[in-house]
Amino acid sequence: MDKGIKLIVGIVLTVSIIIVGVRIWKVNTEDEKIKQETYEMGETVDLSGCYLFQEDENVEGYSVTVIDSQLMTRQEFMESHGTINDDFNLKNDELVVNVKLLIQNSNKQDTGQTGLFIGGYKLTDRACFINLDSTLLTIANPTLPSEMFLAIRPDSEMVVELPFSFSQNTKINPISKDRVEKGNFILTVAFSPVQKNLKVNIR
């Protein structure tokens, strides 16, 4: 076979392999994309079959609903729970988004759930995120276990307060009050196999 023809055949084969490889990569990438579902405040979201971080999280029969959210100062939050204390060294620039979440367990008997890993919750709006404040979480919900896993009795429901705190003047991740008030924040309660987001309308 002529060297020129061999070269052309070789180039065609190489290009073909590259094209097939790219198509396979594209298909695999599309298959790996996580489906997302976003729910309005007040909508009940079934978590059965989903998990936040680990596949062995068993939340079968659990559902959650954001029923309220309110922006307040850290001091206002603590005063609302009768826990004001000078030792906390409160500052005016420390703010809290207090989210009230209704958790329901529709199971008729104990199935050994590990519970919801509420300690992994955070509010996000694109690159802006607000973390759950573990200190305030304990103040608002003194009966919660320290590991922040929450399991409730079968055929029951419970409202928990989730205080997400932020500071306007901190050197690390400062967030302005205006940014939060005008933001479109979501609370992600499951990442896989379907990412489930709950809208949080901050008032």
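Tutor: Two strands pair if DSSP finds at least two bridges between them. This is a predicted model, where local features need pLDDT of at least 70 and side-chain atom pairs 80 or more, while totals for chains, interfaces and linings use all residues. Residues are numbered from 1 along each chain as its sequence is written, and side-chain values use heavy atoms, without hydrogens and water.

Student: How many strands does the protein chain have?

Tutor: Helices (H or I, at least four residues) and strands (E, at least two) are DSSP runs numbered from the N terminus. The protein chain has four helices, and its strands number 11.

Student: Do strand 1 and strand 11 run parallel or antiparallel?

Tutor: Strand 1 covers residues 35-39, and five bridges join it to strand 11. Within this pairing, Q36 has Q195 of strand 11 as its bridge partner. The two strands run parallel.

Student: Which residue of strand 11 does T188 stand opposite?

Tutor: Strand 10 and strand 11 form a hairpin with three residues between them. Five bridges join these two strands, which run antiparallel. The residue of strand 11 opposite T188 is N197.

Student: Why is strand 11 described as largely enclosed by the rest of the structure?

Tutor: Buried means under 20% relative accessible area, exposed over 50%, and partly exposed in between (1.4 Å probe, protein chains only). Strand 11 is largely enclosed because, of its seven residues, the number buried is six.

Student: Which strand supplies the largest share of the largest nonpolar core?

Tutor: A nonpolar core joins buried nonpolar residues (Ala, Val, Leu, Ile, Met, Phe, Trp, Tyr, Cys) through side-chain atoms within 4.5 Å. The largest one has 40 residues, and those with the most contacts inside it include V97, L101 and L187. Strands supplying at least two residues each include strand 3 (62-73), strand 9 (156-167) and strand 11 (194-200). The largest share, five residues, comes from strand 4.

Student: Which residue meets R203 in a salt bridge?

Tutor: A salt bridge puts a Lys or Arg side-chain nitrogen within 4 Å of an Asp or Glu carboxyl oxygen. R203 is exposed, at 55% relative accessible area. Its salt bridge measures 3.2 Å from N to O, and its partner, 135 residues away in strand 3, is D68.

Student: Is R74 buried or exposed?

Tutor: R74 forms a salt bridge with E94, the closest N and O atoms being 3.9 Å apart. R74 lies in helix 2 (residues 74-80), whereas E94 lies in strand 4. Salt bridges also link R74, E94 and D133 in a network. With a relative accessible area of 12%, R74 is buried.
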